[in-house]
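Welcome, and please open your viewer. We will go from stop to stop, selecting a few residues at a time and looking at what is there.

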Amino acid sequence: HRPKVNKTMPSPKAKNNSGRSGSVPGIGNNGRYEFMSLNRTPSPHLLQRQGSDPTSARLRASESPTRRRGSGSSNASSSSAAGGPPLPEEDCMRLNPSFIGIALSSLLAIDLWLSKRLGVCACEESPWGSMRPLMKLIEVSGHGIPWLAGAAYCLYKSDSAAGQEVMLNLLLALVLDVILVGTVKAVVRRRRPAHNRMDMFATFSVDRYSFPSGHATRAAMCARFLLAHLVLAAPLRVLVLLWATLVGLSRVMLGRHNVTDVAFGFGMGYCQYNLVEALWVSPAGLQSTLG
């Protein structure tokens, strides 16, 4: 007769938990997950496993705050070091724009919108396309070639010394206007509106640029010149002012210029007349200078 011996078999779950707790960090003896202390230095075995896992390494690198903050500079430096082209300036985000920059951007947007709305004679299919021939006639009346030819002809045909003096200074004023407007256009290089049709009368190289309007500067300067040096009746003086206004308006209606081009042109032409008055030349003074 043998005594009974109670033999208890170990539970597979307990065995697995005990084995897992010994191999996997963060799991206690009771089979539950435990939080690891941040101050505790991980074991070398854990560090070796984390460093050998490429997926966890990439995740740690992408989630690093330092990498996120310096990702732009690191990418830019890596692209420059690799010899790639730098990012264009317009693609970069500008933070905290200045008040002047915001005002200029808003003014430019309003200028483009208003110019497109007022370009009602830009083509035959425009709302006022039937008035396009009339607008083009006004355009020719403000062109530089008719004014230069007319001033030279009047200077040649004038019999009085006073008339020759006036026509001489008008001719010099027109030449000065062409030089100043061409210089500003070459410096600014603002393109003409997109809805413009390049069917203008007698264009030159700088005429592909829009700022400022040469017709507007010429109209303002010639209007002041005629009103100051020619004795005109009241109705004729009104017609001169109306002509200058229609010349500037036709530039926008035909789609040749933006509104700011014409507005600046009027102001520039007004100031050009003051310069002509300051540099007034008499026939006697011109002869003494040439002699």
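## Stop 1: a patch on the surface

Select Leu236, Leu239, Leu242, Leu246 and Leu249: together they form a nonpolar patch on the surface, with about 430 Å² of accessible area. Accessible areas here come from the Shrake-Rupley method with a 1.4 Å probe, and for residues only the protein chains shown count as cover. A patch is built from residues with over 30% relative accessible area and no salt bridge; like charges are joined within 9 Å, and nonpolar side chains (Val, Leu, Ile, Met, Phe, Trp, Tyr) within 5 Å.

Before moving on, a word about what you are viewing: this is a predicted model, in which local features need pLDDT of at least 70 and side-chain atom pairs count only at pLDDT 80 or more, while totals for chains, interfaces and linings use all residues. Residues are numbered from 1 along each chain as its sequence is written, and side-chain values use heavy atoms, with hydrogens and water left out.

Now keep just Leu246 selected. Leu246 sits in helix α11, residues 234-253. Helices (H or I, at least four residues) and strands (E, at least two) are DSSP runs, numbered from the N terminus. Is Leu246 buried or exposed? Leu246 is partly exposed, at a relative accessible area of 33%; buried means under 20%, exposed over 50%, and partly exposed in between (1.4 Å probe, protein chains only).

## Stop 2: the whole chain

Zoom out and switch to a cartoon view. How many helices and strands does the chain have? There are 13 helices and zero strands. Of the 291 residues, 28% count as buried. The accessible surface of the chain comes to about 20000 Å², and carbon and sulfur atoms make up 64% of it.

## Stop 3: the largest pocket

Next, select His143, Lys185, Phe204, Asp207 and Arg218. The largest pocket has a volume of about 380 Å³, and of the 23 residues that line this pocket, those five are the closest to its centre. A pocket is found on a 1 Å grid over the protein atoms alone: it is an open set of points where a 1.4 Å probe fits, with protein on both sides within 12 Å along at least five of seven lines, and lining residues have an atom within 4 Å of a point. Grid points are joined across faces, edges and corners, and the volume is the space filled by probe spheres set on the points.

Colour α8 (144-157), α9 (161-188) and α10 (214-229), since each supplies at least two lining residues. The largest share, five residues, comes from α9.

## Stop 4: charged pairs

Side chains of opposite charge can pair when their charged atoms come close. A salt bridge is counted when a side-chain nitrogen of Lys or Arg lies within 4 Å of a carboxyl oxygen of Asp or Glu, and the count comes to eight.

- Select Glu124 and Arg197, whose side chains meet in a salt bridge (2.4 Å, N to O). Glu124 lies in the loop between α6 and α7, and Arg197 in the loop between α9 and α10, 73 residues apart.
- Select Glu139 and Arg256, with their closest N and O atoms 2.9 Å apart in a salt bridge. Glu139 is in helix α7 and Arg256 in the loop between α11 and α12, 117 residues apart. Both Glu139 and Arg256 are buried.
- Select Arg218 again, now with Asp177: this salt bridge has its closest N and O atoms 3.4 Å apart. Arg218 and Asp177 are both buried.

For the last selection, pick Asp111, Arg190 and Asp261, which salt bridges with shared partners join into one network.
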